[in-house]
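Hello,

Here is the structure I promised to pass on to you. Please have it open while you read the notes underneath.

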Amino acid sequence: MHRNAPAHDIDESELTVTAPKTQAAGVKAVAVALERAVAEMGIHRTARTLSRLNQRHGFDCPGCAWPEPSGHRRPAEFCENGAKAVAEEATLRTVDPGFFARHPIRDLEGKSGYWLGQQGRLTHPMVVRPGDTHYSPIGWDAAYRLIANALRDLKSPDEAVFYTSGRTANETAFLYQLLVRSFGTNNLPDCSNMCHESSGAALTGSIGIGKGSVSIDDFTEADLIVVAGQNPGTNHPRMLSALQKAKASGAKIIAINPLPETGLLGFRDPQTVSGLTTGVSIADEFLQIRVGGDMALFQGLGKLLFDAENRAPGTVIDREFIAAHTHGFDAYAQRMRAVDLTVVERATGLTRTQLEHTAELLATSKATILCWAMGLTQQRHGVATIEEGTNLLLLRGMIGKPGAGVCPVRGHSNVQGDRTMGIWEKMPESFLDALDTEFGITCPRHHGYDTVEAIRAMRDGKAKVFLGMGGNFVSASPDTAVTEAALRNCDLTVHVSTKLNRSHIVHGRTALILPTLGRSDTDLSLGGTRQQVSVEDSMSMVHLSTGRLWPVSDQLRSEVAIVCELADELFGPDHPVPWSTFRADYDAIRDVIGRVVPGCADYNRRVRGRDGFQLPHPPRDAREFPTTTGKANFASNELQWLPVPAGRLILQTLRSHDQYNTTIYGLDDRYRGIHHGRKAVLVNPDDITALGFADGDLVNLVSEWTDGTERRVTGFRIVAYSTPRGNAAAYYPETNPLVPLDHVAERSNTPVSKAVTIRLEPYCAGSRD
């Protein structure tokens, strides 16, 4: 059954503004989820799909990576945005060869990402060659030959870039990196480079492993949970249920964010009787911090904890833990004692009373969890900020005990699993040695390109072939004009995708679209056996996912099949890796993963457990820290923050509630009161007046970079909003053009999308981005 996609595109003149909501979820969330699902899938398909979402023996949500509960699972174990994500993937709308025949590429270039995504699932392999005005069908075998020939024609394997999205399952990720390394390069940029790379860099240095140290059960044992730089109500709504349970168990919750996010202020659990009528206030304290002030906050809290210890020796600092398990305490202590709290107040916008009260909660907590997301990681000093937050936990002995630890909340559903499986341009020697031993290949040892480096390489002609395994590279990357020019500079671009997106329209001289199965689709092997894949959530739990829906086209192939069939074409029948075996039997892939990937021994048996299995985490499991010192390391960082230049604002980019990453589900950010459009910039009312504008004015946003280069997006409506003075917020990907490619976090190279210096200028009709 084919369903017609809506013909209209975004009309920003229809944008309306209402008061922000004070409660998240509830009856409205249920109604919106069902309405969107039925519109995309129909009643029967909706029932079949949502009843299996995040259930044992069902399929994992293609949205966020928040873990499922370890015990009883509710009949509706999903959130509003999870339902939207599944509806987008399991839609009955299709983009077939007839669609491409009707729509020249030039016409598609003028469509928004929202319109492109609304058209439906891709059904056939498509190609565009030099001089073509339209995509046209191509057979799978011909597509593989085209890719293999282009790769073999390169002067060096390092002239190819292999990107990975977090939607990719463990089996695909393992085979994909194996193909890339068999080819001879480590050019494996992924979406983690753009979101949580700062978390990995900070935690690896501090505790020896770049993953969180808590499990979902720790939330009910914590008595203090700090949520910094994160909006669970929109980005990880199921986290609100965990926070609600924590509060019921006696935990206090501190929210730290430049914007008052509805989900952290009020939550109505739609699966409880009380939640249908009344809400729970999630955050006990809301610290409305200035953008970029988190590092100053953590250092200020560190100083106040030392002051409290001086007043009552032996009651605040965990001397026993520090002596047995840490390194660098004296240097950290010296720096904290020298912190100027007046500077901290100026950098954070918080009062001394707020700082002292927060420090008191930390000092008296017996089990503290620190959660964060991209509000911290996408800062110039994001790595140091996370180190300082970790320092606070080390100071109190809050690593390796129940109800306590670090909790970086990952975005995409398997972005952490992809890294575990080897999707990284800098995998350690031990991992590469294991691949060589297992398969009789020789992996390259020199580091490859991350995402920012890959864009530079394509821009400069050093990389000529781009292959994307899922995702929407153009819309996810910074500096849109540069990124688009870089892809257009390639000889060949290839995208393995479920839905049409901007990356298919901005392409190399030759381009391929390869349609793949979604997480919810039935995946049958060559022998007709239903296959299962596995994923890893934010808390290192690995479990199976089994699609049950019949695919919308018989031309769709699994990502595993695409990797294996391409490898057979590229390497030929004598390659030592048994690609054909892996293509037919995913258990064979998992057997190899068990022998190669650390912590995955006996993978096939353990992943079939009731809840799968949890990967080892030495700091969590035994207070062992695999760092260079053999201990947890206190970091000592010079304070950095973001003063606001006169007449300017510091912009943070963010998602709307009708969005997940670059996928726009709709045009209703109802929690913030923005409807029917996306070009809105949220500004403090006093800043609006001081800058000579009025609420509702149309303006251009102009970013200013250190080299004098300006970047501009046009026609944004000013919305008076509760933000700190000097700060502003607007949605991505519309504001990605403002983020300079070279504006990256120190030590992680993550694009700094949460701290862009901008000015506002009056909008004139006809002005261009």
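Below are some notes on the chain as a whole, followed by a look at one pair of helices.

Please keep in mind that this is a predicted model. The protein chain has 31 helices and 31 strands. Along its principal axes, the C-alpha atoms fill a box of roughly 75 × 60 × 55 Å. For 769 residues, a compact globule would have a radius of gyration near 27 Å, so the 25 Å of the protein chain agrees with that.

On the inside, 63% of the 769 residues count as buried. If you take the contacts with a separation of 6 or more, 78% of them join residues that lie 24 or more positions apart. On the outside, the protein chain exposes about 26,400 Å², and 51% of this area is supplied by carbon and sulfur atoms.

Now to the helix pair. Two packed helices are described by the angle between their axes and the distance between those axes. Helix α1 covers residues 26-41 and helix α3 covers residues 80-89; they pack at an angle of about 5 degrees, with axes 9 Å apart. Angles under 35 degrees count as roughly parallel, and therefore α1 is roughly parallel to α3.

Which residues make the contact? From α1 they are A29, V32, A33, R36, A37, E40 and M41, while α3 brings E80, A83, K84, V86, A87 and E88. By type, the residues of this contact divide into 8 nonpolar and 5 charged, with no polar ones.

Happy to talk it through whenever it suits you.

Best wishes

Key: Residues are numbered from 1 along each chain as its sequence is written. This is a predicted model: local features need pLDDT of at least 70, side-chain atom pairs count only at pLDDT 80 or more; totals for chains, interfaces and linings use all residues. Side-chain values use heavy atoms; hydrogens and water are left out. Axes are lines fitted to C-alpha atoms, for helices over the stretch in contact, and angles run from 0 to 180 degrees between N-to-C directions. Helices (H or I, at least four residues) and strands (E, at least two) are DSSP runs, numbered from the N terminus. Angles under 35 degrees count as roughly parallel, over 145 as roughly antiparallel, 65 to 115 as roughly perpendicular and the rest as oblique. Contact means heavy atoms within 4.5 Å. Ala, Val, Leu, Ile, Met, Phe, Trp, Tyr, Cys and Pro count as nonpolar, Asp, Glu, Lys and Arg as charged, and the others, Gly among them, as polar. The radius of gyration is taken over C-alpha atoms; the globule rule is 2.2 Å times the number of residues to the power 0.38. Buried means under 20% relative accessible area, exposed over 50%, partly exposed in between (1.4 Å probe, protein chains only). Accessible areas come from the Shrake-Rupley method with a 1.4 Å probe; for residues, only the protein chains shown count as cover.
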